[in-house]
Amino acid sequence: MSTSAEERYVVRSLRAGEWPAMRELRLAALRDPVARIAFLETYEEALARPEAFWRERAERAAEGDAGTQQVVAEGPDGELVGTVTVLVEEPGTTDWAGFPVERRQGHVVGVYMRPEHRGCGLTELLFDEALEWCWGRGLERVRLIVHEENGRAQAFYRKVGFEASGLTMPLPGQAVACEREFVLERS
């Protein structure tokens, strides 16, 4: 008899005091073979960051924050095994790439699932929770940016309802590679 991801894992918001576990999960993500096209930070850069950085990052993304929410998957042993973070973008501001934000929207970043936990439906549960958080705050749409070579991520995002918007942007310091925007409109 198999059990579902819902029965084996707890999907919830990060708690501010979990910064050491959040840091460890981020470092694991940055060691993943696709990290070079999935994240805008290297393992070495993250490793060099002081404890205060990680504490502040966890506090900003923890449950109860109105502008950022980090959703985590906790395994049966209490280890954090997956994560997705949503940043609220307000009209009249600019995004990380310098583009103007025209709508109140969520921006998904930092998606990661430990390899041994992939394929069981857990990432879908993370996205369900993250999207529920977005819609509960009245966001009009949710977007994410994915590297053009990250086919695995693009396939997953399409599976959970995101569609390519047609917007592309160059990567900082990389003349030929680009990132593609995927969006999910509130229904």
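This passage describes the strand pairing, a loop residue, a helix face and the salt bridges of a predicted model.

Strand 3, which spans residues 80–89, is mostly covered, with 9 of its 10 residues buried. Strand 3 pairs with strand 2 (residues 68–74) in the antiparallel sense over 7 bridges, and within this pairing Gln-69 stands opposite Val-86. The hairpin formed by strand 2 and strand 3 has 5 residues between the strands, and in this hairpin Gly-78 adopts a positive phi near 90°. Strand 3 also pairs with strand 4 (residues 105–113), again in the antiparallel sense and over 7 bridges; here Thr-85 of strand 3 is found opposite Val-109 of strand 4. In a regular strand, the side chains alternate between the two faces of the sheet.

Ahead of strand 2, the loop that follows helix 5 (51–61) contains Asp-65, a residue that is partly exposed, with a relative accessible area of 24%. When neighbours within four places in sequence are left aside, Asp-65 is in contact with Glu-59, Arg-60 and Trp-133. The C-alpha atoms of Asp-65 and Phe-182 are separated by 25 Å, the two residues being 117 residues apart along the chain.

In helix 7, which comprises residues 151–159, the buried residues are Ala-153, Gln-154, Phe-156 and Tyr-157. Viewed down the axis of helix 7, these buried residues fall within an arc of 165°, and they therefore line one face of the helix. Just after helix 7, Gly-161 takes a positive phi of about 110°.

Across the whole structure, a search finds 20 salt bridges. One of them, in helix 5, joins Glu-51 to Arg-55, with the closest N and O atoms 2.6 Å apart; because these residues are 4 residues apart in helix 5, Glu-51 and Arg-55 are separated by about one helical turn. Both partners are partly exposed, Glu-51 having a relative accessible area of 42% and Arg-55 a relative accessibility of 38%.

A salt bridge between buried residues is formed by the side chains of Glu-89 and Arg-143, with an N to O distance of 3.0 Å. Since Glu-89 lies in strand 3 and Arg-143 in strand 5 (residues 141–147), the pair ties together parts that are 54 residues apart in sequence. The relative accessibility is 9% for Glu-89, which counts as buried because the value falls under 20%, and 3% for Arg-143, which is likewise buried. Glu-89 and Arg-143 also belong to a network of salt bridges in which they are linked with Asp-95, Arg-141 and Glu-181.

A further salt bridge is formed between Arg-104 and Glu-90, the closest N and O atoms being 3.1 Å apart. Both residues lie in the loop between strand 3 and strand 4, so the pair ties together parts that are 14 residues apart in sequence. Arg-104 is partly exposed at 24% relative accessibility, and Glu-90 is also partly exposed, with a relative accessible area of 33%.

Conventions
Residues numbered from 1 in each chain as written. Predicted model: local features only at pLDDT ≥ 70, side-chain atom pairs only at ≥ 80, totals over all residues. Heavy atoms only, no water. Buried < 20%, exposed > 50% of the residue type's maximum accessible area, 1.4 Å probe, protein only. Helix = DSSP H or I, 4+ residues; strand = E, 2+ residues; numbered from the N terminus. Pairing = 2+ DSSP bridges. Contact = heavy atoms within 4.5 Å. Arc of directions from axis to C-beta. Salt bridge = Lys/Arg side-chain N within 4 Å of Asp/Glu carboxyl O.
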